[in-house]
Amino acid sequence: MTPLINRPRRLRRTAALRAMVRETRLDAANLIYPLFACPGEGVRREVRSMPGVFNLSVDELVKEAEEARRLGVSSVIVFGLPERKDEQGSGAFAEDGITQRAIRAVKREVKDLLVIADTCLCEYTSHGHCGVIKDGEVANDPTLEILAQTAVSQAQAGADVIAPSGMMDGMVAAIREGLDAAGFTDIPILSYAIKYASAFYGPFREAADSAPQFGDRRGYQMDPANAREALREAELDVEQGADMLMVKPALPFLDVIKAARERFTLPLAAYQVSGEYAQIKAAAQMGWIDEERIMMESLVAIKRAGADAILTYFAKDVIRQLS
Ligand code: PBG
């Protein structure tokens with residue numbers, strides 16, 4: 001037998017060697033922690049299908065944001081469950097809307113925390129769709145105006161970044177125009193550019209009470225079978241002035257994350273969505289997997305594929321592991 005010259009195992013022998021040659025590291029600065037604001041006071045209601053995730057009244061949400069900040073979380077994304085829903089989703093852009101109140105309170109009470117606003121209508125519409133309905137369909141162009149108005153109201157409340165997630169064509173341009181006209185030329189847009197019509201959002205729809213009341217979202221969110229179309233979606237958002245792009249969900253679409261990373265120069269985010277989180281939590285509760293290790297391995301995979309920032313319900317747990 002010829003002598004083995006190449007022995008990759010040489011660099012795996014000790015923890016110090018492995019750490020020295022490690023290519024990918026998770027960093028607290030890259031994690032975005034989702035928060036769900038709900039009406040009331042003193043409310044901290046756990047989402048049944050997402051253990052460790054809560055619907056929080058504004059006072060409790062501020063406490064949660066403070067704790068997260070203290071641990072080392074540097075940014076949060078805020079979703080809202082309004083008191084009332086209507087056909088237009090008018091709670092999305094109300095000055096005293098649930099999301100606006102939550103953003104205002106966090107910006108006032110928590111120092112140095114970046115606050116991202118999710119900009120969509122599905123939590124606020126009575127029918128649960130991400131836009132207004134005309135002739136039984138989600139109408140694209142009439143929705144754009146409402147999205148722009150929503151983004152402006154979120155920026156007025158103090159949001160540092162606007163993140164449109166409704167997959168309406170032209171949403172980035174409409175929001176950019178609205179923000180600029182209102183004087184918010186410096187507020188960046190993190191576009192959910194590549195968002196699939198995914199069953200992995202199931203638990204979120206319970207958390208945000210946003211399940212569509214008829215039909216589904218396949219008429220506007222992407223077909224999970226498509227990868228080339230993802231690049232087209234991202235390209236259109238770049239042209240419209242997106243500052244950052246997002247792929248969602250994350251783990252089932254690592255190939256798409258990688259392709260977007262290779263094609264575009266903008267910072268890229270990926271959303272480890274509710275179903276990804278719930279799967280890990282459930283299997284861990286059954287004692288079938290090691291929760292901590294699966295959490296870290298999934299997130300490293302998402303980063304290795306090319307995501308700069310990761311939205312994850314595990315943000316606090318990851319930071320505890322890192323320190
Ligand atoms: C709103 C929105 C959704 C998620 C983020 N923003 C739900 C959806 O499109 O149905 C999903 C997040 C998750 O599953 O964790 N459009």
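## Terms and model

Helices are DSSP runs of H or I with at least four residues, strands are DSSP runs of E with at least two, and both are numbered from the N terminus. The model is predicted: local features need pLDDT of at least 70 and side-chain atom pairs count only at pLDDT 80 or more, while totals for chains, interfaces and linings use all residues. Residues are numbered from 1 along each chain as its sequence is written, and side-chain values use heavy atoms, with hydrogens and water left out.

## Ligand site

The ligand has 19 residues around it (a heavy atom within 4 Å). Those that come nearest are Lys195, Arg205, Lys248, Ser274 and Tyr313. By class, this shell holds 10 nonpolar, three polar and six charged residues. Here Ala, Val, Leu, Ile, Met, Phe, Trp, Tyr, Cys and Pro count as nonpolar, Asp, Glu, Lys and Arg as charged, and the others, Gly among them, as polar.

Polar contacts (a pair of N or O atoms within 3.5 Å) link the ligand to several side chains, including those of Lys195, Gln221 and Lys248. For Lys195, a side-chain N or O atom is 2.8 Å from an oxygen atom of the ligand. Gln221 places a polar side-chain atom 2.9 Å from a ligand oxygen atom, and for Lys248 the partner is a nitrogen atom of the ligand, at 3.2 Å. The ligand taken alone exposes 400 Å², and the protein buries 100% of that; these areas come from the Shrake-Rupley method with a 1.4 Å probe.

## Cavities

A search of the whole structure returns two cavities of 30 Å³ or more. A cavity is a set of points, on a 1 Å grid over the protein atoms alone, where a 1.4 Å probe fits but cannot get out; lining residues have an atom within 4 Å of a point. Grid points are joined across faces, edges and corners, and a volume is the space filled by probe spheres set on the points.

The largest cavity holds about 130 Å³ of space, and it is the space taken by the ligand (more than half of its atoms within 2 Å of the grid points). Of its 18 lining residues, Cys122, Lys195, Tyr201, Phe204 and Lys248 lie nearest the centre. β9 (190-195) and α6 (202-207) are the elements that give two or more residues to this lining. Its classes are eight nonpolar, four polar and six charged.

The second largest cavity has a volume of about 60 Å³. Its lining includes Tyr33, Phe36, Val53, Phe54, Glu64 and Tyr313, and β1 (31-38) and β3 (50-57) each supply at least two of the lining residues. Eight of the lining residues are nonpolar, one is polar and one is charged. Tyr313 thus appears both in this lining and among the residues nearest the ligand.

## Pockets

A pocket is an open set of points with protein on both sides within 12 Å along at least five of seven lines. The largest pocket has a volume of about 340 Å³. It is lined by 18 residues, of which Met167, Asp169, Gly219, Tyr220 and Gln221 are closest to its centre. β7 (137-138) and α7 (228-239) are the elements that give two or more residues to the lining, and α7 gives the most, with four. The lining divides into seven nonpolar, five polar and six charged residues. Gln221 belongs to this lining and also makes a polar contact with the ligand.

The second largest pocket has a volume of about 240 Å³. Among its 14 lining residues, Pro82, Glu83, Arg84, Gly91 and Gly97 lie nearest the centre. Five of the lining residues are nonpolar, three polar and six charged.

## Backbone exceptions

Most residues other than glycine have a negative phi, and most peptide bonds are trans. The peptide bond from Lys248 to Pro249 is cis, with omega near -5°. Pro249 lies in the loop between β10 (244-248) and α8 (254-263), and Lys248 is one of the residues nearest the ligand.

Asp112 is not a glycine but has a positive phi of about 55°. This residue lies in the loop between α3 (98-109) and β5 (114-119).

Conventions. Polar contact = N/O pair within 3.5 Å; in protein donor to acceptor, adjacent residues only side chain to side chain.
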